[in-house]
Structure formats: C-alpha cells, structure tokens
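Please find below my comments, set out as numbered points, for you to read beside the coordinates.

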Amino acid sequence: MQSIDTELAARIRNDIIHGVYEEGARLSEAHLCEAHKVSRTPVRLALRLLEREGVIRRGDGRGYMIQSPTITDVKQAVQVRGHLESLAARLMAQAEDRHERLPAMAGAIDEIEATVDAGRLDVDAIKRMQTANRVFHSTMLDSCGNDYVGFTCQQISHLPMLAAGSMVFDRSVGDTPEHLERGLFRLRLGNAQHRVIYDAIAAGDAVRAEGMMREHANTMIEYIETFEKRDGTLTVADLVAYSAADIVLEDG
C-alpha cells in the first residue's frame, strides 16, 4: 500500500503531465491541502518527491514552480533506460543462476504470443500483454545481479513509457482492419525480439543479449518520433494515452 505522500505525489504528477497546471505556475501548499483534503505534512513530503523527480522546482522565493516534462525529456529518459536494460541483459546472461529465472521470462513471451495470435486488441488483451511484458523486463532487471540497475530505472519510472514493461499502443489501431493488423505486426516483432533476448541469455551469449536489448529499447523512441511526425503537436499527455492500459479501443 502506498503512503499518503506517495499517493498524493502521484495525483499531483498526473495533473502536471496532463496540463492541469501551466508551465511555471506556482504550487500553493494551501491549495493542495484543500484540493486533496490532506494536511500540510504529506503535501510537503509529496512536493519534495516531485522536486527530486524534476517535475517541479523551487521558486525564487518560497514554494515550488511547475516544470513539466517535455517530449525530449521522455526520449532522453527512454535512451537511458535502454542502456540500463541492455546492461541488465548482458549481466543476466553472465549470471550462473540465470536458469532459475528464465521460466518467468519464457511464460511472459508465450502469454504475449498467445494474446497477439488471438487477433484482438481490446482493453483486456492490452492489460494481459502489459502484465506479461512487465514480468519479462522486471525479471531481467531483478536477475542481473546489480541492484543499482533496477534502482536507477525506478528513478525515471514516473515518466510516460518509462515504467518497467511499458508498451506502446497506437490509438488508431481499432479504426480499420489494416490498422489492427499493423498494430499486431508491431507486437509480434517486439515479442520476437523478446525471444532472441531470452535465447541469448539462456545460452550465456552476453554480447547478443545486450545488442538485441538495445535494439528492442530503441523501438520506443522510434514510435515516439513516428507519433511526433504524424500528430504535429504531440504532448506528454498524448504519450500517456499511447502507453496506458485503459485506452478504450474498438474491437478489431
């Protein structure tokens, strides 16, 4: 269960990302206390957490100012996470006890494959795939033998598309059968990369595991850049919609 200040930080962060506050606006402790029906102590703790994340900053005087994350921030963070996950793949491939954790990754690959083969991208299917994807990536981070890899990933997980196992779902995927098939193809490709990473780790091929994990991570940046070209005015809030599990999609 989350603490009150952590839950409150999540609410405020969500408002910032969705543009409830204007860039540079001042955050009033009194307003936050009234809006969220809490005392000043959890508000202050929440604001300190958000300052460490970089979504707010201290003003010239007292209080904090909004410092909304940008698309560039997200792409840079995805780059960092990609390098960290690549390191995790290499280290796991070198770990003597890796075979103890491989069944969880194999199960995640099989779950995604079965869901994609069903040919649907409704909310339930998306949730199943995101859960399986989270298992695949989290298992690798937890099994690499370097606690700082997972710890560092956690520090940027508050940004859209940066949580462990985040997946990208094009909002137009349910518009036509062609869009659906394109979405399914992308998911098959991503899961095929999972299988190559899994096989390399199982075989102890650290170089191949690292290289394929880096390629797999870079597809997230490619998707974001594709959305930028297509949407023109892509916002960080849009990225939340592209990566959220509760997108309402039409059945294909």
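The points that follow treat two helix pairs, some individual residues within them, and the cysteines.

1. Status of the model. The structure is a predicted model, and the remarks below should be read with that in mind.

2. Packing of α1 with α3. Helix α1 covers residues 4–17, and helix α3, which covers residues 40–53, packs with α1 at an angle of about 60 degrees, the two axes being 8 Å apart. Because an angle of about 60 degrees falls outside the ranges that count as roughly parallel, roughly perpendicular or roughly antiparallel, α1 and α3 are described as oblique to each other. The crossing of this pair, α1 and α3, is right-handed.

3. Residues between α1 and α3. On the α1 side the contact is made by Ile 4, Asp 5, Leu 8, Ala 9, Ile 12 and Arg 13, and these meet Pro 42, Val 43, Leu 45, Ala 46, Leu 49, Leu 50 and Glu 53 on the α3 side. Sorted by class, the contact of α1 with α3 comprises 10 nonpolar and 3 charged residues, with no polar residue.

4. Arg 13 and Thr 6, both in α1. Arg 13, a residue of helix α1, counts as buried because its relative accessibility is 14%, where the limit for that label is under 20%. Leaving aside neighbours within four places in sequence, Arg 13 is in contact with Leu 50, Glu 53 and His 158. Thr 6 also has its place in α1, but Thr 6 has a relative accessible area of 28% and is therefore partly exposed. The C-alpha atom of Thr 6 is separated by 25 Å from that of Gln 76, a residue 70 places away along the chain.

5. Packing of α6 with α8. How are helix α6 and helix α8 oriented to each other? The axes of α6, residues 123–142, and α8, residues 177–203, come within 12 Å and cross at roughly 25 degrees; since angles under 35 degrees carry that label, α6 and α8 are roughly parallel to each other. The crossing of α6 and α8 is left-handed.

6. Residues between α6 and α8. From α6, the residues Met 129, Asn 133, Phe 136, His 137 and Met 140 meet Leu 187, His 194, Ile 197 and Ile 201 from α8. By class, this contact of α6 with α8 holds 6 nonpolar and 3 polar residues, and no charged ones.

7. Ile 197 in α8. Is Ile 197, which has its place in helix α8, buried or exposed? With a relative accessible area of 0%, Ile 197 is buried. Not counting residues up to four places away in sequence, Ile 197 touches Phe 136, Met 140, Ala 209, Met 212, Met 213 and His 216, and of these Phe 136 and Met 140 belong to the α6 side of the contact with α8. The C-alpha atoms of Ile 197 and Arg 208, which stand 11 residues apart along the chain, are separated by 7.5 Å.

8. Cysteines. How many disulfides does the structure hold? The number of disulfides is 0. Cys 144 is in no disulfide, and the nearest cysteine sulfur, which belongs to Cys 153, is 8.7 Å away, whereas a disulfide would need the sulfur atoms to lie within 2.5 Å. Cys 144 counts as buried because its relative accessibility is 6%, and Cys 33, at 12% relative accessibility, counts as buried as well.

Notes: Residues are numbered from 1 along each chain as its sequence is written. This is a predicted model: local features need pLDDT of at least 70, side-chain atom pairs count only at pLDDT 80 or more; totals for chains, interfaces and linings use all residues. Side-chain values use heavy atoms; hydrogens and water are left out. Buried means under 20% relative accessible area, exposed over 50%, partly exposed in between (1.4 Å probe, protein chains only). Axes are lines fitted to C-alpha atoms, for helices over the stretch in contact, and angles run from 0 to 180 degrees between N-to-C directions. Helices (H or I, at least four residues) and strands (E, at least two) are DSSP runs, numbered from the N terminus. Angles under 35 degrees count as roughly parallel, over 145 as roughly antiparallel, 65 to 115 as roughly perpendicular and the rest as oblique. A crossing is left-handed if the near helix is turned anticlockwise from the far one by less than a right angle, and right-handed if clockwise. Contact means heavy atoms within 4.5 Å. Ala, Val, Leu, Ile, Met, Phe, Trp, Tyr, Cys and Pro count as nonpolar, Asp, Glu, Lys and Arg as charged, and the others, Gly among them, as polar.
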